[in-house]
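Colleague: Hello! I am new to this structure and would love a close look at a single part of it. Could you walk me through the sheet, and then what surrounds that topic?

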Amino acid sequence: VRLEGVDGALVIAPDAWTYAVPGRITTLVPASGQQGTLVTIVGERLLGNGSGIATVTIGGVPATVQAATDARVVVRPGPSVAGNATVVLRADTGAVVTDTDVVFTYLEASVIASVEPSSGQVGTLITITGERLRGDGDNVSTAELAGVEATVVSENDTHVVLQASDATARTGDVVLQASNGALTILAGNWTFLEPSAINATIPASGQEGT
């Protein structure tokens, strides 16, 4: 290690630095997807001689790290336009691992066109219409309405029917998650109404025909 001051003074530490063998990315599984798709980055020395991954970007868009080892890093990409994108791993040491020959292809993102009805309460059946709602996966596996898990009644790539669960009055996002992790989100498009309530039954007794 050699340091040189502005006045030309030198400080030298012989053999104080060793270049480690750089990490490398060998493959991506899958090599294509959209926002939320679970992607496994396979390679060698992916932690960059560190103990963990600080950040991952795909095409410059931050991805969420789900798990990380020296040989495999699992991430969920953020939203992006369709096209090829370079994966960049940055270790907690600052080391960068990337390979411009191994690219991730963002597919055309899934889209929710309508939510009918856009409000309701527990038991309400909601039809979501759109395009590529399975996000290149096998099915729509889970769904949320305003942060509350909903039951998937039926689904295909263009129509998903949900049944709302019990929740307090609120407004929030409609979120579909496919079997491969891909997310389809429509912000602020569902409102839970104040739940219905039975106050009294008059009369409280009777027979057939009462």
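Modeller: Here is a walk through the sheet, followed by the aromatic pairs and a patch on the surface. Please keep in mind that this is a predicted model.

Let us begin with the sheet, which is open, has eight strands and shows mixed pairing. Read across, the strand order is 3-5-8-7-6-9-10-4. Strand 3 (24–29) and strand 4 (32–33) are the edge strands, each pairing on one side only. As general background, strands of a sheet pair through backbone hydrogen bonds, either parallel or antiparallel. For a closer view, take strand 6 (residues 53–58) and strand 9 (residues 83–91): these run antiparallel and are joined by five bridges. You can find one contact by looking at Ile58, whose bridge partner in strand 9 is Val87.

Now to the aromatic rings, where the count comes to two aromatic pairs. One of them is Phe104 with Tyr106, an edge-to-face pair with 5.3 Å centre to centre and 90 degrees between the planes. Phe104 counts as buried because its relative accessibility is 0%, under the 20% cut-off. Tyr106 is buried too, with a relative accessible area of 3%. In the pair of Trp190 and Phe192, the ring centres are 5.6 Å apart and the planes stand at 90 degrees, so this pair is edge-to-face. Both Trp190 and Phe192 are buried.

Finally, turn to the surface, where Val1, Leu3, Val11, Trp17 and Tyr19 form a nonpolar patch. Together these residues have about 640 Å² of accessible area. Val1 sits in the segment before strand 1 (2–4).

Key. Residues are numbered from 1 along each chain as its sequence is written. This is a predicted model: local features need pLDDT of at least 70, side-chain atom pairs count only at pLDDT 80 or more; totals for chains, interfaces and linings use all residues. Side-chain values use heavy atoms; hydrogens and water are left out. Rings of Phe, Tyr and Trp (its six-membered ring) pair if their centres lie within 6.5 Å; planes under 30 degrees apart count as stacked, over 60 as edge-to-face and the rest as tilted. Buried means under 20% relative accessible area, exposed over 50%, partly exposed in between (1.4 Å probe, protein chains only). Patches are made of residues with over 30% relative accessible area and no salt bridge: like charges are joined within 9 Å, nonpolar side chains (Val, Leu, Ile, Met, Phe, Trp, Tyr) within 5 Å. Accessible areas come from the Shrake-Rupley method with a 1.4 Å probe; for residues, only the protein chains shown count as cover. A salt bridge is a side-chain nitrogen of Lys or Arg within 4 Å of a carboxyl oxygen of Asp or Glu. Helices (H or I, at least four residues) and strands (E, at least two) are DSSP runs, numbered from the N terminus. Two strands pair if DSSP finds at least two bridges between them.
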